[in-house]
Amino acid sequence: MKITDVRTILTCPKQNYLFIKIMTEDPEIYGIGDASMNGREKAVEDLTLEYLRPMLIGMDADRIEEIWQLIYRGTYWRGGNIMMSALCGIDMALWDIKGKTAGLPLYSLLGGKVRDRVLCYSHVLGKTNEEKIEKAANFVQEKGLKVIRLRAGLPSANGTLNAAGPQNTPKVEDWDPEFWADEMTDYFIKIRQVVGDKVGIIYDLHERFSPERAIYIMRKLEPYNPFFIEDPIAPDCFESLKTVREHTNVPIAFGELYKSRWECLPGITNRWLDFIRCDLIRIGGITEARKIGAIAETYDVKTAWHGPNDVSPVTHAVNWHLNVSAYNFGIQEDGTVDDTVKEVVKGGPVYKDGYLTMEDKPGIGCDIDEEAAKRYPYQRAYIPVCRRPGDNSLCDW
Ligand code: GCO
Ligand code: MG
């Protein structure tokens, strides 16, 4: 079936999302993909419309692998966050078309279910530690979460969501990785005491620490049994990950900033990590996630695909299809879906008692209400930056 058009839908129902819609010769069959990249949505949109759209029109939508390779290798300047995000949106939309054409849900095309529902975790957010402790207790007792996630440092993740209005410069947040390590561990221990021993606690160190600070924190947390420590250090230096691994015993999840299969390789093949947690959008979609997942399975590494609120319910749905059909699934991060987002994006996983389920529908199972999307126009926004209060120097956010 020929591709007749590639369109974009850029909208901000609480957070900027960029969707890609691929139309086919059959007016009833189109595909939806997520190409959202927090803080750089317009750049991805421009690449899609100016360069990728003309070359895709007229191609056979069935040839997903061919199209993936054409965009990745055929551009010569391969990879990078902007290109991989556009590639992901296109890849997801093509898989959606394939599922709709076959009349099968995506998970069925990926080999069928190996589990009925998907274990998930949610973010404990709040402005003060007291608020977060209360939230953690509520998540476990009222909502039935088996695993919760804490995040090092900043009081809440409000800075990552941008419906508050257009910005001209990144928000600056105070942060001192050298001096605040003890606060990180004290907070974890308090939460452990409140939720008890049976609940899994994930700690997202958010690439914020040097290897030696990360090791210090992780060693202190060893007796409190973290489910995993997430992204303790920046992703750039593989030797640093090796060092952290060699000096601590807690499970490590890593990779939300990776943007290719090859970046994932050293961590997996050397077993410097236990969970690979790439963002599907950054690594080029379903086609690439299957390959990374298969390499991970070979090395006894589990998946924990990135799933915050700044990926849309379309990506959450794709994560769900991958998780339900992969033997080496570990856990899934679950973003809270705001009501305004639900107005724009229809479908996606549903939370119940610590797990995610999804209704059977052909393809990915999501659609965009384009009229609703227009009611929430794009607003320029930046991911915040961190500066040390002492000398105002920049550090990893
Ligand atoms: C996570 C992440 C996110 C990122 C966000 C940046 O583990 O969910 O670290 O919350 O901060 O995706 O846009
Ligand atoms: Mg993270």
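This is a short chat about the rings and the ligand in a predicted model.

Student: Hi! Anything to know before I start?

Tutor: Residues are numbered from 1 along each chain as its sequence is written, and chains are lettered from A and ligands numbered from 1 in the order in which they are written. The model is predicted, with local features needing pLDDT of at least 70 and side-chain atom pairs pLDDT 80 or more, while totals for chains, interfaces and linings use all residues, and side-chain values use heavy atoms, leaving out hydrogens and water.

Student: Okay, which residues come nearest to ligand 1?

Tutor: His 206, Glu 230, Glu 256, Asp 310 and Glu 333 do, out of 15 residues around ligand 1. To count as near, a residue needs a heavy atom within 4 Å.

Student: And how far is the polar side-chain atom of Glu 333 from an oxygen atom of ligand 1?

Tutor: That distance is 2.4 Å. For Glu 256 it is 2.7 Å, and for Arg 277 it is 3.2 Å. A polar contact here is a pair of N or O atoms within 3.5 Å.

Student: Switching topic: how many aromatic pairs are there?

Tutor: The count is 14. Rings of Phe, Tyr and Trp (its six-membered ring) pair if their centres lie within 6.5 Å.

Student: Which residues do ring pairs link into a cluster?

Tutor: Tyr 121, Phe 227, Phe 228 and Phe 275.

Student: What lies over the face of Tyr 187?

Tutor: Lys 132 does, at 4.9 Å from the ring centre. Likewise, Lys 143 lies over the face of Tyr 351, at 4.7 Å. The rule asks for NZ of Lys or CZ of Arg within 6 Å of the ring centre and within 35 degrees of the ring normal.

Note on methods. Phe/Tyr/Trp six-rings, centres within 6.5 Å; stacked < 30°, edge-to-face > 60°. Polar contact = N/O pair within 3.5 Å; in protein donor to acceptor, adjacent residues only side chain to side chain.
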